[in-house]
Amino acid sequence: MVIDPVSDFLSRIRNAIMAKHRVVEVPASNLKKSITKILFDKGYILNYKFIDDNKQGVIKIALKYDAQTKEPAIRSLKRVSTPGLRSYAGYREMPRVLNGLGIAIVSTSKGIMTDKEARNEKIGGEVLCYIY
């Protein structure tokens with residue numbers, strides 16, 4: 001039983017990157033699927049696939065590395081809001097990760113989105129994690 005599914009998701013990706021794996025498998029949920037879609041849209045992962053196994057399901061994520069230097073596209077994954085200490089931000093106080101070079105993933109009333117999208121929509125929410 002996992003207490004914090006988002007933290008488990010980020011830890012699995014972080015561990016796979018440190019071990020230089022090409023693919024990582026993560027148990028699926030709607031929240032994890034939307035975070036995966038954002039990572040793909042922003043170019044942090046190579047590809048993903050949702051596999052339905054008549055239970056919870058699995059997300060297969062192909063990690064992205066630089067062709068010459070073999071450096072991963074994701075440098076850091078940091079969990080911000082935890083079950084013990086939730087972190088909320090209005091659209092005016094929305095954090096900028098590395099002055100806009102990274103992204104903050106935010107859970108809003110209109111779904112999961114990046115900090116820039118939340119600022120443009122003028123809605124705040126729970127800051128889930130920072131990625132750069």
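**A walk through a predicted chain**

Hi everyone, let's begin with a single residue: Glu71 has a relative accessibility of 35%, so it counts as partly exposed. Before going further, please keep in mind that this is a predicted model. Glu71 has a partner, Arg75, and the two form a salt bridge whose closest N and O atoms are 2.9 Å apart. Arg75 itself is exposed, because its relative accessibility is 59%.

Now let me step back to the whole chain. How many helices and strands does the protein chain have? There are 3 helices and 8 strands. If you follow the sequence from start to end, the order of elements reads α-β-α-β-β-β-β-β-β-α-β. The C-alpha trace spans about 40 × 40 × 25 Å along its principal axes. For 132 residues, a compact globule would have a radius of gyration near 14 Å, and the 15 Å of this chain agrees with that. Of those 132 residues, 40% are buried. Looking at contacts with a separation of 6 or more, 60% of them link residues that are 24 or more positions apart. On the outside, the chain exposes about 7,900 Å², and carbon and sulfur atoms supply 49% of that area.

Let's go back to salt bridges, since we opened with one. The structure holds 7 of them, and I'd like to show you two besides Glu71 and Arg75. One is between the side chains of Asp8 and Arg12, at 3.0 Å from N to O. Both residues sit in helix α1, which covers residues 5–18, and they are 4 residues apart, about one turn of the helix. Arg12 has a relative accessible area of 32%, so it is partly exposed.

The other one joins Arg86 and Glu126, whose side chains meet at 3.0 Å, N to O. Arg86 is in the loop between β4 (77–79) and β5, while Glu126 is in strand β8 (residues 125–131), so this pair ties together parts that are 40 residues apart in sequence. Are the two partners buried or exposed? Arg86 is partly exposed, because its relative accessible area is 43%. Glu126 is buried, because its relative accessible area is 12%.

That brings us to β8, so please find that strand on your screens. Strand β8 is mostly covered, with 6 of its 7 residues buried. Which strands pair with it? One is β4, which runs antiparallel to β8 and is joined to it by 3 bridges; here Lys78 stands opposite Tyr130. Another is β5, also antiparallel to β8, with 2 bridges; in this pairing Tyr88 stands opposite Glu126. Then there is β6, antiparallel to β8 with 5 bridges, where Ser107 has Glu126 as its bridge partner. So Glu126 turns up with Tyr88, with Ser107 and in the salt bridge with Arg86.

Next, a look at β1, residues 23–27. In a regular strand, side chains alternate between the two faces of the sheet. In β1, Val24 and Val26 make up the covered face, and Val23, Glu25 and Pro27 the uncovered one. This strand runs antiparallel to β3 (residues 58–63), and 5 bridges join the two. Glu25, for example, has Lys60 of β3 as its bridge partner.

Soon after β1 comes our next stop, Leu31, in helix α2 (residues 30–41). Leu31 is partly exposed, because its relative accessibility is 28%. What does Leu31 touch, leaving aside residues up to four places away in sequence? The answer is Val6, Ile112 and Leu128. Leu31 also gives us a nice way to compare sequence and space. Pro5, in helix α1, is 26 residues from Leu31 in sequence, and their C-alpha atoms are 9.0 Å apart. Met1 and Leu31 are 30 residues apart in sequence and 17 Å apart in space, C-alpha to C-alpha. As for Pro5, its relative accessibility of 36% means it counts as partly exposed.

Last stop: the surface. Leu98, Leu101 and Tyr132 make a nonpolar surface patch of about 320 Å². Where is Leu101? It lies in the loop between β5 (88–89) and β6 (103–108). Leu101 counts as exposed, because its relative accessibility is 70% and the limit for that label is over 50%.

Thanks for listening!

Notes: Residues numbered from 1 in each chain as written. Predicted model: local features only at pLDDT ≥ 70, side-chain atom pairs only at ≥ 80, totals over all residues. Heavy atoms only, no water. Patch = residues over 30% accessible without salt bridge, like charges linked within 9 Å, V, L, I, M, F, W, Y side chains within 5 Å. Areas by Shrake-Rupley, 256 points an atom, 1.4 Å probe, with all protein chains shown as cover. Salt bridge = Lys/Arg side-chain N within 4 Å of Asp/Glu carboxyl O. Buried < 20%, exposed > 50% of the residue type's maximum accessible area, 1.4 Å probe, protein only. Pairing = 2+ DSSP bridges. Rg over C-alpha atoms; globule rule 2.2 N^0.38 Å. Contact = heavy atoms within 4.5 Å.
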